[in-house]
Amino acid sequence: MQNTYRKHHAPHHELPAGGAAHIRADAINVTLGERRVLTDVDVIVPVGSRLAIVGENGRGKTTLLRVLAGTTTPDSGTVARVGTMSVVEQALESRNEETVGSLVREAIGASLDALTRLEAATEALAGERPGADEEYAAALEVATFLDAWDAERRVDIALAGLHACTDRDRPLSTLSVGQRYRVRLACVLGSSPDLLLLDEPTNHVDADGLSFLTERLQSHRGGLALVTHDRALLRDVATSFLDLDPSEDGRPRLYAGGYDAWVEGRRRDRARWEQDHADQLAERARLAQAAEEARGRLQSRWRPEKGHGKHQRATRAGSVVQAFNQRREELETHVISVPTPPVRLHWPDPGTASGRPVLDCVAVTVEERLANPTTLTLDGGDRLVVTGANGAGKSTLLSVLSGRQTPTTGHLRVHPTARIAFLSQEVPDWPPELTAHQIYERHLAEIVSRATRAPSTHVSASRTGLLESRSWRIPSSRMSQGQQRRLHLALCLAEQPDLLLLDEPTNHLSAGLVDELTEAITQTSCAVVVATHDRQLLRDLAAWPRIHLPATTSIDDLSEDLS
């Protein structure tokens, strides 16, 4: 494997390669345990590229990013790297001796080295040392190429833009996970490497920081590859998409032209895949029908009309046997070569009548959680977005509306026959030994026991389109956050609610699924309330009525600060 990249903390710093910088990966295959994660992946990240690596949870996005970075060795395939490169992973471990300043010095080490060499060359030139002219010219060229004099300022701007700690003497071990991450991200952005590899860069970054991050990535002169669930960042930054989700031929798909081109290309490829699979199923059904008809003719012991001779009867009987054998052979040799396409999200409509009363919420507050008295009425078909800073009480309000939390003041009136489902940020406390399928079936039984639905109206687990068939067999204790989130949503939809409460519904869900979910909640007949910070979801629901909860100092605020 060719590798011109040296680790970021190496004592010698590579110089930028400019327009020649790139990462090229060919025929990458990676197996983790017994599961093939990456299959025949080819990708190039040149200067000027804005590549998004996308796919459902568990498809190998982070693994591929690590392969590109050189921190994970593929089972087969080659990776070539040219130029300087910086990687920001989701977690940053801190060593006891590290400080904000040491991380900054590490990030801009090439510029600091260049300035040190230039200072030494300047002294040599002043002392009229032989060869000093050439040394000074070379040192000046490198420092100018790196814009080394501005390196500290670039990092300072990034630290301020991301609201990261600027105290150079502050030990990283004393910073929270979120603060430490922002310092690391700022150092990387300020160092201006040829190639940037970012894994979920919007984690731990507030709204102002997201705007700075977006502008900085848009203006990055080098190449960029990122993994993120943030659809707003994908829309605003990415120009090409490497989709690792299953495809008809089992290979990743590369889409150019930005977010909308990816969505349309993905839709078109999925439709073609479904049509190809349906055509093969139809052909098999046709062959099976033909074989059955031939069998029927054989079993009926067809005889020609009276007056026909033995020779003619024998000839025609033989042709019936021959036709049956031919049809049976055609059926046996027919192979369905197109794999079964993934199931799409199935959103059962509850049939809630427009304007049907669901609930009235009158001047409710919750001590230390929801300080501002809130009043609202929700009927069938209503839409509402709840916004506000962390700690304003968005989750608390939804919990009150769901009936899980009793307000300190005010009251909640729910229509006696109204059904309410709540997708909270915390998953329910499921028995760890139960599989996703068992949890779903148990939930259906509970719904039936409440006599709110006939069993025949419920959607089977396999038809929800929220989990792959193998994922339904996984015990809840071994499910990923994304799988748990999908199961929780499936349980909510099984309720066929008149009111659906969604608290940060995009958490841990892929961009593709969130797009489907967004379309579904705009079309369903039930009332929907969404509380979210998701920038793209807020854009998509811009036409919905919204209430904004004012910020208050609360336990929520303190928890957010510690993150």
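Start with the cavities: this predicted model has two of 30 Å³ or more.

Select Val54, Gly55, Lys61, Thr228, His229, Asp245, Trp262, Arg266, Ser510, Ala511 and Gly512, and you have the lining of the largest cavity. The space inside comes to about 70 Å³. Colour the lining by class and you'll get three nonpolar, five polar and three charged residues. Now switch on the cartoon: H9 and helix H14 (511-523) each give at least two residues to this lining.

Keep Trp262 from that lining and add Tyr259. Both sit in helix H9, three residues apart, about one turn of the helix, and both are buried. How are their rings arranged? The centres of Tyr259 and Trp262 are 5.3 Å apart with the planes at 85°, so call this pair edge-to-face.

Next, bring in Phe241. Its ring centre is 6.0 Å from that of Tyr259 and the planes stand at 80°, so this pair is edge-to-face too. Here the contact links distant parts of the chain, with Phe241 in strand E8 (residues 240-243) and Tyr259 in helix H9 (residues 259-299), 18 residues apart. Phe241 is buried, as is Tyr259. Show Phe241, Tyr259 and Trp262 together and you're looking at a cluster linked by ring pairs. The model has four aromatic pairs in total.

Last stop: the second largest cavity, about 40 Å³ in volume. Select His346, Pro348, Tyr440, Val459, Thr464, Leu466, Ala490, Leu493 and Ala494 to see what lines this one. Helix H13 (residues 481-494) supplies the largest share, three residues. Colour by class again: seven nonpolar, two polar and no charged residues.

Terms used. Residues are numbered from 1 along each chain as its sequence is written. This is a predicted model: local features need pLDDT of at least 70, side-chain atom pairs count only at pLDDT 80 or more; totals for chains, interfaces and linings use all residues. Side-chain values use heavy atoms; hydrogens and water are left out. Rings of Phe, Tyr and Trp (its six-membered ring) pair if their centres lie within 6.5 Å; planes under 30 degrees apart count as stacked, over 60 as edge-to-face and the rest as tilted. Helices (H or I, at least four residues) and strands (E, at least two) are DSSP runs, numbered from the N terminus. Buried means under 20% relative accessible area, exposed over 50%, partly exposed in between (1.4 Å probe, protein chains only). On a 1 Å grid over the protein atoms alone, a cavity is a set of points where a 1.4 Å probe fits but cannot get out, and a pocket is an open set with protein on both sides within 12 Å along at least five of seven lines; lining residues have an atom within 4 Å of a point. Grid points are joined across faces, edges and corners, and a volume is the space filled by probe spheres set on the points. Ala, Val, Leu, Ile, Met, Phe, Trp, Tyr, Cys and Pro count as nonpolar, Asp, Glu, Lys and Arg as charged, and the others, Gly among them, as polar.
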